[in-house]
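Work through these exercises with the sequence and the model side by side. Try each task before reading its solution.

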2 protein chains.
Amino acid sequence: MKRLGGFALERSDGRSKQTQLTSRLKQMIQAGELQAGERLPSTRELANELLVSRNTVVAAYEMLVGEGYLESQLRSGFRVNKAAQAFRTLSQRTRTARERTLTPRLPGMPVPFRPTQPDVNLFPLQIWNRHRTRVLKRGACLLQYQSRFPIGLDELRQNVAQYLRDSRGVRCQWHELAITNGSQQALFLLSHLLLRPGQRVYMEDPGYPGARNAWSHAGARIIPVSVDEEGIRLPVDDALKAALIYVTPSHQFPLGTCMSLARRLALLQVARTSNAWIVEDDYDAEFRYTSTPQPSLQSLDEQRRVIYIGSFSKTLFPGLRLGYVVLPPDLIERFTALKSIVDDYSPLIDQATLAAFLESGAFYAHLRRCRRHYAERQTFFLEQVKRYGIPLTFPVTGRGMNLAGMLPENANDRALSIQLRNAELDIPPLSRYAVEPVRPGLVFGLAAFDKRNILKGIEKMAPIFAEKFAKRRGSRSVPHPAKISSSRKAPLATLPLSK
Amino acid sequence: MKRLGGFALERSDGRSKQTQLTSRLKQMIQAGELQAGERLPSTRELANELLVSRNTVVAAYEMLVGEGYLESQLRSGFRVNKAAQAFRTLSQRTRTARERTLTPRLPGMPVPFRPTQPDVNLFPLQIWNRHRTRVLKRGACLLQYQSRFPIGLDELRQNVAQYLRDSRGVRCQWHELAITNGSQQALFLLSHLLLRPGQRVYMEDPGYPGARNAWSHAGARIIPVSVDEEGIRLPVDDALKAALIYVTPSHQFPLGTCMSLARRLALLQVARTSNAWIVEDDYDAEFRYTSTPQPSLQSLDEQRRVIYIGSFSKTLFPGLRLGYVVLPPDLIERFTALKSIVDDYSPLIDQATLAAFLESGAFYAHLRRCRRHYAERQTFFLEQVKRYGIPLTFPVTGRGMNLAGMLPENANDRALSIQLRNAELDIPPLSRYAVEPVRPGLVFGLAAFDKRNILKGIEKMAPIFAEKFAKRRGSRSVPHPAKISSSRKAPLATLPLSK
């Protein structure tokens with residue numbers, strides 16, 4: 001039997017002794033220092049030799065048996081697995097120079113003023129975890145395979161449906177509501193259910209790139225429609241031939257407009273005439289600061305043409321990946337079948353935790369708290385913009401996580417956004433969300449940044465704006481985004497951006 | 001100001017006092033007992049009246065403000081929101097008789113011998129939760145939007161790649177590995193990337209319905225190929241015209257066969273000649289009890305035609321919904337773009353927890369423990385089948401979570417499975433996994449059931465088999481599944497079943 005002296009486990013290594021030991025033994029097998037079939041020292045011997053506990057050695061040996069490097073034999077201890085030779089060469093073959101040069105990235109936090117990021121530090125993680133612990137006590141069924149629930153646990157579907165009926169006036173029974181992996185999955189699944197290649201999708205422009213990507217991926221032809229003070233300016237035209245109309249009526253993305261009642265009724269009429277589906281993305285409706293909430297477009301729809309989409313990414317946290325869609329009765333079955341094929345069902349522990357979180361009222365308390373903070377941040381931001389004399393106008397305020405700020409008419413919002421990025425500010429240009437030329441502007445996310453960070457951001461912005469707009473500081477006539485000077489050309493943009 | 005007497009909060013109600021109070025107030029608003037604009041009692045008054053703490057009333061009022069039922073006014077307390085009238089009628093309209101009759105279901109546990117269910121009670125949930133707590137201490141970035149990681153957190157991709165290199169001989173660098181929502185999502189995404197309608201997919205028959213559904217959904221033409229003792233019997237034919245070949249070489253699903261080396265090399269050759277992709281689904285390779293693990297098919301592939309798929313549903317727990325796929329370098333970019341469109345990215349907290357769980361070695365310890373239990377259960381089951389004289393033969397044993405049991409040649413496995421189901425046994429017939437006629441058999445899952453439950457299952461099975469096969473108990477010649485009597489016809493089955 002071989003003695004394995006000649007290496008020590010280092011305290012300074014940052015890895016546990018067990019990890020150090022297993023990786024050292026692997027290296028020895030790979031380098032041929034330990035041959036296939038060779039016997040290893042007993043766990044007691046090696047523990048004494050390395051001055052570690054015997055448990056550490058046992059755990060390391062067992063891990064290597066699990067990985068196929070060692071074999072354990074009753075009464076004769078551990079040997080190097082004969083098959084380990086194969087792994088050895090393969091493992092060496094794959095270790096190329098490229099592996100070493102590709103540095104893994106760590107997830108980071110957004111910098112001001114990245115749009116549509118909630119303040120996840122406000123999220124009551126402790127309360128959430130308490131609900132999680134409680135639902136896990138029910139038994140192991142949340143861990144087990146549950147293919148009967150492709151569109152969500154019934155308890156969650158009930159609580160979300162209740163919330164939508166109460167808060168958004170949505171017409172829905174719980175079995176008409178499906179849980180998805182964020183609203184993006186809802187968009188994707190709908191694009192596959194509702195669209196055939198070449199069909200027309202009308203959508204707001206500027207609008208949400210994630211939706212545009214889903215429709216385009218299904219082969220649809222996107223028809224961009226401009227937005228004015230009342231919302232989408234859909235032509236009232238019998239020859240519209242729309243298969244689908246995508247809108248964000250509560251809070252247009254990214255301009256912030258709330259669609260007027262007249263426009264809502266006209267939209268429903270157009271959809272009826274052209275026999276089109278409407279997808280209502282109610283992504284940001286929870287955040288209203290100065291006015292009372294307005295019921296959803298779906299609540300006005302007698303014909304069940306409106307498909308209602310929402311997400312917990314903004315109201316809870318985006319890393320959760322849970323969203324929902326309210327479907328007309330005749331789509332539910334096909335949606336369910338497709339979700340089964342796409343990924344079986346969504347993670348169960350989070351679903352049950354969310355159901356309990358909604359049930360307890362903790363969700364509503366959290367929303368209230370966010371609303372208060374987000375309102376304050378918006379007000380503070382607007383005050384500071386004014387104080388620093390930054391030439392931006394904000395046509396829509398008083399709601400939402402973002403503010404669209406309009407620039408003087410002949411400004412280049414792309415160039416400005418790049419300049420701001422060089423100062424570590426993440427403020428996308430309005431044109432990045434648009435297909436057609438659009439008034440120059442910037443989209444500011446304010447929710448995720450406290451006053452200190454808002455001020456820092458403003459202080460970085462101010463000199464850049466001062467330099468850029470020094471000459472025309474005097475004239476600040478900034479018309480509404482709908483009234484675009486036709487001489488301007490914005491490049492086409494379809495980059496995926498968070499909403 | 002109105003007094004709200006006349007209702008008491010019941011201890012026996014099972015809901016918290018706050019929940020009872022909010023729902024009672026909603027009812028009163030909906031029924032018109034509280035009118036739009038009407039002032040509510042102060043929180044102190046109502047608390048005294050109802051004998052609850054003032055915090056309960058404050059919380060209930062705030063929740064109702066959040067939902068739009070009440071308005072709060074500085075110094076003048078709470079009033080019924082004027083917009084609440086709208087919600088009220090809508091809310092009433094949607095409450096139909098159907099809602100009351102559709103009973104929500106609760107997730108349940110599998111009954112013997114449902115295939116491919118791990119024993120989730122063996123899962124070290126406490127250790128998992130400890131890692132979860134630890135990764136959450138890193139800061140809020142795991143809660144935030146992280147669109148830069150559509151195919152998984154880099155730390156997880158690294159640890160899974162390491163595991164696959166070490167344990168399965170998989171050739172991969174971490175950036176070639178993508179995290180998916182279970183292996184089903186990997187199958188779906190691949191079907192969309194690799195297949196055009198009408199193209200041919202060769203797959204093992206019997207085979208995994210989840211894969212068949214994904215290929216069919218993409219419009220592919222499925223060519224079923226029978227399986228013998230060495231694995232898939234692919235014709236060596238230059239005119240194969242396969243776009244994709246789907247196999248489970250380590251442990252054929254559901255027969256259990258391990259593909260021979262000769263067959264593996266032939267398969268790679270065929271794929272090369274016909275320029276086809278191979279998808280290797282290594283779903284169950286971790287569970288080998290009597291022999292040493294064998295490297296993956298992918299490890300033999302010099303041409304990077306093999307796409308390697310796996311899942312943590314069997315090794316950890318299915319409710320987690322995390323799987324992985326190792327992609328040839330030229331597919332990574334397209335796969336990443338598609339995953340972004342499909343659902344942005346997978347849940348982050350679970351990903352980071354899993355990365356830590358792998359890193360710590362807890363994963364390997366858990367695998368070892370499962371292997372020990374699953375091996376014992378398989379042995380015990382086979383002993384009991386023999387002891388009870390049940391006329392089943394098991395061509396492949398010593399590995400996997402399932403066992404395919406062959407019935408006498410002219411038995412009707414579908415009818416038998418239905419009879420077993422009536423005795424609360426969940427044992428699908430082999431023909432349910434097959435497109436072409438296949439030897440009659442049953443697929444038993446053993447991993448999730450301890451000895452007591454296995455024995456109970458056997459005791460329920462025994463009389464049903466005794467009655468059915470009373471006459472031919474004497475002759476038990478059961479040939480290998482590949483040798484099918486051509487006179488038998490099995491109905492076509494494409495039901496989604498867990499693997």
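Some notes on conventions come first, then five exercises.

This is a predicted model: local features need pLDDT of at least 70, side-chain atom pairs count only at pLDDT 80 or more, and totals for chains, interfaces and linings use all residues. Residues are numbered from 1 along each chain as its sequence is written, and chains are lettered from A and ligands numbered from 1 in the order in which they are written.

**Exercise 1. Describe how chain B meets chain A, and how the copies are related.**

Step 1: count the contacts. 91 residues of chain B are in contact with 89 residues of chain A (two residues are in contact if their C-beta atoms, placed from the backbone, lie within 7 Å).

Step 2: sort by class. The side of chain B that touches chain A has 41 nonpolar, 33 polar and 17 charged residues. Here Ala, Val, Leu, Ile, Met, Phe, Trp, Tyr, Cys and Pro count as nonpolar, Asp, Glu, Lys and Arg as charged, and the others, Gly among them, as polar.

Step 3: superpose. Chain B falls on chain A after a rotation of 180 degrees with 0.1 Å of shift along the axis, at RMSD 0.1 Å. The fit is by least squares on the C-alpha atoms of residues with pLDDT of at least 70 in both copies. That is the relation of a two-fold axis. The same surface serves both copies: 97% of the contact residues of chain B recur in chain A.

**Exercise 2. Divide chain A into domains and examine one contact.**

Step 1: read the bounds. Chain A has domain 1 (11-101), domain 2 (120-362) and domain 3 (364-468). Such bounds come from an automatic or database domain assignment.

Step 2: take domains 2 and 3 of chain A. Their centres, over C-alpha atoms, are 26 Å apart. Each gives 26 residues to the contact. On the domain 2 side, twelve are nonpolar, nine polar and five charged.

**Exercise 3. Find how much of chain A is buried, and where the largest nonpolar core has its best-connected members.**

Step 1: take the buried share. Of the 499 residues in chain A, 52% are buried (20 or more other C-beta atoms within 10 Å of the residue's own; exposed means 12 or fewer, partly exposed in between; C-beta atoms are placed from the backbone).

Step 2: go to the core. A nonpolar core is a set of buried Ala, Val, Leu, Ile, Met, Phe, Trp, Tyr and Cys residues joined through C-beta atoms within 7 Å. The largest has 271 residues, and A:L244, A:I307, B:L244 and B:I307 touch the most other members.

Step 3: list partners. Beyond four places in sequence, the contacts of A:L244 include A:L194, A:V201 and A:W277.

**Exercise 4. Decide whether helix α12 of chain B is enclosed or open.**

Step 1: locate the helix. α12(B) covers residues 348-360. Helices (H or I, at least four residues) and strands (E, at least two) are DSSP runs, numbered from the N terminus.

Step 2: count. Ten of its 13 residues are buried, so α12(B) is largely enclosed by the rest of the structure.

Step 3: find the cover. It includes α6, α7, β3 and α13 of chain B.

**Exercise 5. Inspect two residues with positive phi that are not glycine.**

Step 1: A:D344. Its phi is near 70 degrees. A:D344 lies in the loop between α11 and α12 of chain A.

Step 2: B:R321. Its phi is about 60 degrees. B:R321 is buried, with 28 C-beta neighbours inside 10 Å.

How values were computed. Expected span 1.5 Å × (residues − 1).
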